[in-house]
Amino acid sequence: MIKARDFVEKIKPYKPGKPIEEVARELNLKGEIIKLASNENPLGTSPLAIKAMRRVLKESFLYPDDNCFYLKEALAKKLNVSSDEIIVGNGSVEILPLITLAYLNPDDSAVVTKGSFIWYKIAVSIAGSNLIEVPMKDYTHDLKTMLNAIQNNTKLIFLDNPINPTGTVVKRKELEEFFDKIPEDILVVVDEAYREYIEDPDYPDSFKIFRSKKNILILRTFSKIYGLAGARLGYGIARKEIITNLMKLRISFNVNRISQIAGIAALDDEEFVKKAIKVNNEGKEFLYDAYKKLGLFYIPTYSNFIFVDFGKDSQIIFEALQREGIITRTIKEYGFPNALRITIGTEKQNRRLINTLKKIL
Ligand SMILES: Cc1ncc(COP(=O)(O)O)c(C=O)c1O
């Protein structure tokens with residue numbers, strides 16, 4: 001047998017939400033299937049992005065711009081940073097192993113919250129480094145304990161804000177105080193995949209921290225509010241020295257030509273973003289009320305999904321919903337065997353979800 005390197009054996013692969021086609025095939029389902037498993041935008045893709053992608057399809061024979069010049073320029077203008085402070089990835093997850101490979105030696109460690117986005121763990125194992133897991137407190141990051149968990153060999157901290165799968169956040173003051181206490185030679189990755197959905201003025205201004213501290217890397221994505229999960233497009237913002245290092249580890253042409261154009265157009269699609277926020281907020285209220293009436297524990301969310309606890313093994317509920325054509329997400333591997341993470345859908349999808357749950361429960 002050809003033996004892989006030891007650390008490869010230890011990597012537990014990521015298990016994504018099931019694609020609609022797979023569920024239809026496996027369960028031989030004929031009716032309309034709805035996917036509430038991967039926190040995609042139920043409204044679809046930004047119409048401006050679709051128009052732009054159509055326009056450039058015929059240019060697919062050409063390699064893309066390796067440096068994403070125009071997309072970086074558009075992002076730099078929107079976010080008030082410089083182009084050389086941006087790295088674009090084939091989804092924001094692509095940037096995670098670049099970070100661990102650039103900053104973790106095998107003897108180093110990274111601090112993460114146990115039960116937060118699982119890709120941080122995978123990225124740390126890809127570098128063959130050590131993981132320090134800190135339990136959540138009230139379903140969110142326990143920043144004080146994370147600070148205390150830092151060891152001499154700690155080089156990275158990962159914070160998803162909101163946390164996937166609980167949907168909770170750390171607030172502005174708390175995060176700023178955290179950065180005041182973190183040693184400057186530890187890079188803190190603040191993953192804001194759902195940022196655009198958040199209207200709470202108490203949500204942290206990570207760009208304010210970026211202007212005053214050298215050790216923050218902000219991650220954002222086009223997968224959620226812009227409806228471009230299938231195009232694979234995300235980005236990271238950090239000091240130029242950090243971005244230069246990450247760019248060295250990236251594979252050439254990592255972001256395709258069509259997605260770059262889609263991203264530029266999507267950034268201008270204010271109408272679509274506004275509509276997505278509205279539908280998400282209305283969905284939230286409807287679902288909170290429905291879960292309450294069903295006697296289910298749920299966590300109020302800052303994102304486009306809700307953590308719902310069924311008080312018993314949720315696999316049964318997951319399978320029953322799936323047989324009815326509704327795909328949700330079990331989160332056993334995050335340490336929550338009784339809960340499901342369910343994306344907020346359109347009004348029609350949410351109603352179908354609740355009616356089906358009433359039947360099942
Ligand atoms: C916290 C968090 N970060 C990153 C991602 C992945 O984003 P992308 O599609 O840009 O790779 C997700 C997707 O679910 C997420 O929940």
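**Exercise 1. Classify the lining of the second largest pocket by residue class and identify the elements that supply it.**

*Solution.* Step 1: by class, seven nonpolar, three polar and six charged residues form the lining of the second largest pocket. Here Ala, Val, Leu, Ile, Met, Phe, Trp, Tyr, Cys and Pro count as nonpolar, Asp, Glu, Lys and Arg as charged, and the others, Gly among them, as polar. The structure is a predicted model, in which local features need pLDDT of at least 70 and side-chain atom pairs count only at pLDDT 80 or more, whereas totals for chains, interfaces and linings use all residues. Residues are numbered from 1 along each chain as its sequence is written, and side-chain values use heavy atoms, with hydrogens and water left out.

Step 2: the volume of this second largest pocket is about 400 Å³. A pocket is an open set of points on a 1 Å grid over the protein atoms alone, with protein on both sides within 12 Å along at least five of seven lines; a cavity is a set of points where a 1.4 Å probe fits but cannot get out, and lining residues have an atom within 4 Å of a point. Grid points are joined across faces, edges and corners, and a volume is the space filled by probe spheres set on the points.

Step 3: 16 residues line the second largest pocket, and the closest to its centre are Lys10, Lys12, Lys121, Ile122 and Ser125.

Step 4: at least two lining residues come from each of α1 (6-10), α6 (119-126) and β4 (130-134); α6 gives the most, with four residues. Helices (H or I, at least four residues) and strands (E, at least two) are DSSP runs, numbered from the N terminus.

**Exercise 2. Explain where the largest pocket lies with respect to domain 1 and domain 2.**

*Solution.* Step 1: the largest pocket holds about 580 Å³ of space. Its lining comprises 29 residues, of which Tyr14, Ser38, Phe117, Lys224 and Arg232 are the closest to its centre.

Step 2: twelve nonpolar, nine polar and eight charged residues make up this lining.

Step 3: the largest pocket lies between the two domains, because domain 1 (15-45 + 270-360) and domain 2 (47-267) both give residues to its lining. The domain bounds come from an automatic or database domain assignment.

**Exercise 3. Determine how the buried residues of helix α10 are arranged and what they pack against.**

*Solution.* Step 1: within α10 (residues 240-249), Ile242, Ile243, Leu246 and Met247 are buried. Buried means under 20% relative accessible area, exposed over 50%, and partly exposed in between (1.4 Å probe, protein chains only).

Step 2: seen down the helix axis, the buried residues of α10 fall within an arc of 135 degrees, so they line one face of the helix. The arc is that of the directions from the helix axis to the C-beta atoms.

Step 3: Glu241 and Lys248 are exposed on the other side of α10.

Step 4: the packing partners of the buried residues are α4 (69-79), β2 (86-89), α5 (95-103), β6 (187-191), β7 (216-221) and β8 (234-237), with contact meaning heavy atoms within 4.5 Å.

**Exercise 4. Describe the backbone of Cys68 and of the bond between Asn161 and Pro162.**

*Solution.* Step 1: Cys68, although not a glycine, has a positive phi of about 50 degrees. Cys68 lies in the loop between α3 (47-56) and α4 and is buried, at 2% relative accessible area.

Step 2: the peptide bond joining Asn161 and Pro162 is cis, with omega about 5 degrees. Pro162 belongs to the loop between β5 (154-160) and α8 (172-181).
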